[in-house]
Amino acid sequence: MFFILMGQFNYIQGARAESDSTVCMKVFQQRIAGSLPDDIFMGGASFNSLSLFRVKNMELFRRSLWNKAISSMFVPLIETQNRLIFIRPTEKIRVTIGDMSMYRFAHYLYVYFIRRDRVCLFEFTPAGG
């Protein structure tokens, strides 16, 4: 089960949010969810933001996104050519697998660069987080 809410990352300088973000949901299901441990999504996820952006100025977009993420208490975790992943280290969930328990981060900001001018942004919390 997925819930979508309006979040703080729906407006970022250097880009314009598109009204149809169905392509981002497909990207999430096909590329993002599979790159994170499966047990994170056992109960679904709640989205604070799920947005497709048409980027006009990539440098301004990246800088604005970075500043907005940091000011929202997100910490950068991974940066690759086509992904930026931030977490909020203060939000964790306890996961029990068999007889072992561990803590997992529970609030993610995941940015996926589809093309030079298209970017999907996901801010989500796994169910139970």
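The following exchange concerns the fold, packing and cross-links of a predicted model.

Me: In what order do the helices and strands of the chain run from the N terminus on?
Reply: The chain of this predicted model contains 2 helices and 9 strands. Read from the N terminus on, the order of the elements is β-β-α-β-α-β-β-β-β-β-β.

Me: What percentage of the contacts in the chain with a separation of 6 or more comes from residues 24 or more positions apart?
Reply: Of the 129 residues of the chain, 45% count as buried. The exposed area of the chain is about 7,400 Å², and carbon and sulfur atoms supply 54% of that area. As for contacts with a separation of 6 or more, the part due to residues 24 or more positions apart is 65%.

Me: Which element supplies the largest share of the largest nonpolar core?
Reply: In soluble globular proteins, nonpolar side chains tend to be buried together. Here the largest nonpolar core has 17 residues, and F28, I32, F47, F122 and F124 have the most contacts inside it. At least two residues of this core come from each of α1 (22-32), β3, β5 (83-87), β8 (108-115) and β9. The largest share, 5 residues, is supplied by α1.

Me: How many residues does the other core, with F74, F86, F113 and V119 among them, have?
Reply: The largest nonpolar core has 17 residues. Another core lies apart from it, including F74, F86, F113 and V119, and its number of residues is 16.

Me: How many residues apart in sequence are the parts that the pair of F47 and F122 ties together?
Reply: The search of the whole structure gives 9 aromatic pairs. One of them is the tilted pair of F47 and F122, at 6.5 Å centre to centre and with 55° between the planes. Both partners are buried, F47 with a relative accessible area of 0% and F122 likewise with 0%. Because F47 lies in strand β3 (residues 45-55) and F122 in strand β9 (residues 118-126), the parts tied together are separated in sequence by 75 residues.

Me: Which residues do ring pairs link into a cluster?
Reply: F47 and F122 form an aromatic pair, and both residues belong to a cluster linked by ring pairs. The members of this cluster are F28, F47, Y108, Y110, F122 and F124.

Me: Which elements does the disulfide of C24 and C120 tie together?
Reply: The structure holds 1 disulfide, formed by C24 and C120 with their sulfur atoms 2.1 Å apart. The link is left-handed, with -90° about the S-S bond, and both cysteines are buried. The parts tied together are 96 residues apart in sequence, because C24 and C120 lie in helix α1 and strand β9.

Me: Which residues of β5 point the other way from R83, I85 and I87?
Reply: Strand β5 is mostly covered, with 5 of its 5 residues buried. In a regular strand the side chains alternate between the two faces of the sheet. In β5, R83, I85 and I87 point one way, and those that point the other way are L84 and F86.

Me: Which residue in β8 stands opposite F86?
Reply: Strand β4 (residues 75-79) runs antiparallel to β5 and is joined to β5 by 4 bridges, with V75 having I87 as its bridge partner. A hairpin through 3 residues joins β4 to β5. The pairing of β5 with β8 is also antiparallel, over 5 bridges. In β8, the residue opposite F86 is L109.

Me: Is S64 buried or exposed?
Reply: S64 is found in helix α2 (residues 58-71) and touches I12 and Q13, residues up to four places away in sequence not being counted. The relative accessible area of S64 is 14%. Since the cut-off for a buried residue is under 20%, S64 is buried.

Me: Which residues does M102 touch, not counting those up to four places away in sequence?
Reply: M102 is found in strand β7 (residues 100-105) and counts as partly exposed at 28% relative accessibility. The C-alpha atoms of M102 and K92, 10 residues apart along the chain, are separated by 9.8 Å. Not counting residues up to four places away in sequence, M102 touches I93, R94 and V95.

Definitions and conventions. Residues are numbered from 1 along each chain as its sequence is written. This is a predicted model: local features need pLDDT of at least 70, side-chain atom pairs count only at pLDDT 80 or more; totals for chains, interfaces and linings use all residues. Side-chain values use heavy atoms; hydrogens and water are left out. Buried means under 20% relative accessible area, exposed over 50%, partly exposed in between (1.4 Å probe, protein chains only). Contact means heavy atoms within 4.5 Å. Accessible areas come from the Shrake-Rupley method with a 1.4 Å probe; for residues, only the protein chains shown count as cover. Rings of Phe, Tyr and Trp (its six-membered ring) pair if their centres lie within 6.5 Å; planes under 30 degrees apart count as stacked, over 60 as edge-to-face and the rest as tilted. A nonpolar core is a set of buried Ala, Val, Leu, Ile, Met, Phe, Trp, Tyr and Cys residues joined through side-chain atoms within 4.5 Å. A disulfide is a pair of cysteine sulfur atoms within 2.5 Å. Two strands pair if DSSP finds at least two bridges between them.
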